[in-house]
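Visitor: Please pick one part of this structure and take me through it closely. Then work outward from there, residue by residue where that helps.

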Amino acid sequence: MSSSAVSSGVVSSGTARLLPGGPVAQQVLGEVAAEVAALRAAGVTPSLATVLVGDDDASAGYIRIKQRQAAELGFASPHVHLAASASQADLHRVIEEFNSDAGVHGVLVQHPIPGHLDYDRALQVLDPDKDVDGMHPVNMGRLALGLPGPLPCTPAGIEALLAFHGVPVAGREVVVLGRGATLGRPLAMLLAQKRPTANAAVTVVHTGVADWPRYTRRAEILVAAVGVPGIVRPEHVRAGAVVVGGGVRYEGRRLLPDVDESCAQVAGAITPRVGGVGPTTVAMLFRNAVAAARRAAGLG
Ligand SMILES: NC(=O)c1ccc[n+]([C@@H]2O[C@H](COP(=O)([O-])OP(=O)(O)OC[C@H]3O[C@@H](n4cnc5c(N)ncnc54)[C@H](OP(=O)(O)O)[C@@H]3O)[C@@H](O)[C@H]2O)c1
């Protein structure tokens, strides 16, 4: 935990304290590297397989970053690149091969995939215990029931980010704007769990709540999980609140966050425009991957 903990009281401030994700990711990846080293010393090489379909530049870039990171951490990272014309059956075949390969502990299918393919159907083919994204229906069920299993990376990253920066969550009012399957819905489940870094009073708002600012304005912690650039403005934020920007939209290489920068004038603490939630998401992917390797080795 950082030394400059945010006070649990909600007070007005001029310019918000920044809550970067980089140091959180570094800490998590340091722990992962130590676990990888221990596994390798015990004769197990953790392996995270990646699957890319098509020629989307951004997706290829994300895969390269994850493979580089995997290599730095000591993971093996077998990779399959399917052509953009690949069929659903082709994709399922690759996933099933990785499922049945005992040397592969985690499998990541890079999202998005070409429009003629169904990502959710492919996800259901994946062995839930190799689901490093934590998005398989079985893992969503485990999350809902509070059972151990891989957690969805972005929600887990946000919980870790708040804990690292000393933002108290337990007993506080958290409002999540957005109920998407990747972020808002699992985050709400996670932060309502009975654990010291969660245990919050969580409200979820969305397009069905026309007057959502009524809720966000009373939030001690507000998480934007929408994907509509600039949707969260200072008038939606309680003075001194903690604001976490999870939602983003890409226009080409330009990243457009949900949270308007001017919110920093009202918030007590806020994630930076770049380098906030993103780095923690990647770190959680590797945390899930090493946990899968430990489980497969009978150590988890
Ligand atoms: N930073 C990261 O590492 C990271 C990782 C994963 C995802 N993300 C981002 O997180 C965001 C959410 O992802 P997701 O997959 O969960 O999204 P999603 O499934 O598209 O869900 C978006 C949610 O926002 C709500 N919404 C949309 N427009 C709204 C409006 N005008 N007013 C109020 N609510 C509105 C939707 O409401 P309805 O349900 O009523 O339609 C929906 O619940 C995306 O921007 C995604 O890119 C970021």
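Guide: Begin at R17, whose bridge partner in β11 is A269. This is a predicted model, so read every contact below as a feature of the prediction. The pairing of β1 with strand β11 (residues 269-270) is parallel and runs over two bridges.

Now widen the view to the sheet. It is open and has six strands, all paired in parallel. Read across, the order is β1-β11-β8-β7-β5-β6. Which strands stand at the edges? They are β1 (17-18) and β6 (201-205). Each has a single partner strand, so one side of each lacks a neighbour in the sheet.

Next, the nonpolar packing. The largest nonpolar core holds 44 residues. Within this core, F75 and F286 touch the most other members. Several sheet strands contribute: β5 (173-177), β7 (221-224) and β8 (242-245) each supply at least two residues. Helices do too, with at least two residues each from α1 (22-41), α2 (57-73), α6 (153-164), α7 (184-191) and α9. Helix α9 gives the largest share of the core, eight residues. In soluble globular proteins, nonpolar side chains tend to be buried together.

Helix α9 also leads us to the ligand. Spanning residues 277-296, α9 provides the largest share of the ligand shell, three residues. The shell counts 22 residues in total. T154, R179, T182, T207 and V248 are the closest. By type, the shell splits into 10 nonpolar residues, 11 polar ones and one charged.

Look at the polar approaches to the ligand. The side chain of T182 places an N or O atom 2.5 Å from a ligand oxygen. Backbone atoms take part as well. A polar backbone atom of L183 is 3.1 Å from an oxygen atom of the ligand. For V248, a backbone N or O atom lies 2.8 Å from a ligand oxygen. Taken alone, the ligand exposes 930 Å², and the protein buries 67% of that.

Back to the loops around the strands. V232 sits in the loop between β7 and β8. Buried or exposed? With 1% relative accessibility, V232 counts as buried, because the cut-off is under 20%. V232 and V109 are 123 residues apart along the chain, and their C-alpha atoms are separated by 31 Å.

The loop between α7 and β6 holds N199. Its backbone deserves a check: phi of N199 is near 60 degrees, a positive value in a residue other than glycine. N199 has a relative accessible area of 36%, so it is partly exposed.

A further backbone feature lies at P112, in the loop between β4 (106-109) and α4 (119-125). The peptide bond from H111 to P112 is cis, with omega near 0 degrees.

Finish at N139, in helix α5 (residues 137-145). This asparagine counts as buried, because its relative accessibility is 1%. Which side chains does the side chain of N139 contact? One is D131, at 2.7 Å. Another is R142, also through a polar contact at 2.7 Å.

To retrace the route: the starting pair, R17 and A269, bridges β1 and β11. Strand β1 is an edge of the open sheet. Helix α9 gives eight residues to the core and three to the ligand shell.

Conventions: Residues are numbered from 1 along each chain as its sequence is written. This is a predicted model: local features need pLDDT of at least 70, side-chain atom pairs count only at pLDDT 80 or more; totals for chains, interfaces and linings use all residues. Side-chain values use heavy atoms; hydrogens and water are left out. A residue is near a molecule or strand if one of its heavy atoms lies within 4 Å of it. A polar contact is a pair of N or O atoms within 3.5 Å; within protein, one must be able to donate a hydrogen and the other to accept it, and residues adjacent in sequence count only if both atoms are side-chain atoms. Accessible areas come from the Shrake-Rupley method with a 1.4 Å probe; for residues, only the protein chains shown count as cover. Helices (H or I, at least four residues) and strands (E, at least two) are DSSP runs, numbered from the N terminus. Ala, Val, Leu, Ile, Met, Phe, Trp, Tyr, Cys and Pro count as nonpolar, Asp, Glu, Lys and Arg as charged, and the others, Gly among them, as polar. Two strands pair if DSSP finds at least two bridges between them. A nonpolar core is a set of buried Ala, Val, Leu, Ile, Met, Phe, Trp, Tyr and Cys residues joined through side-chain atoms within 4.5 Å. Buried means under 20% relative accessible area, exposed over 50%, partly exposed in between (1.4 Å probe, protein chains only).
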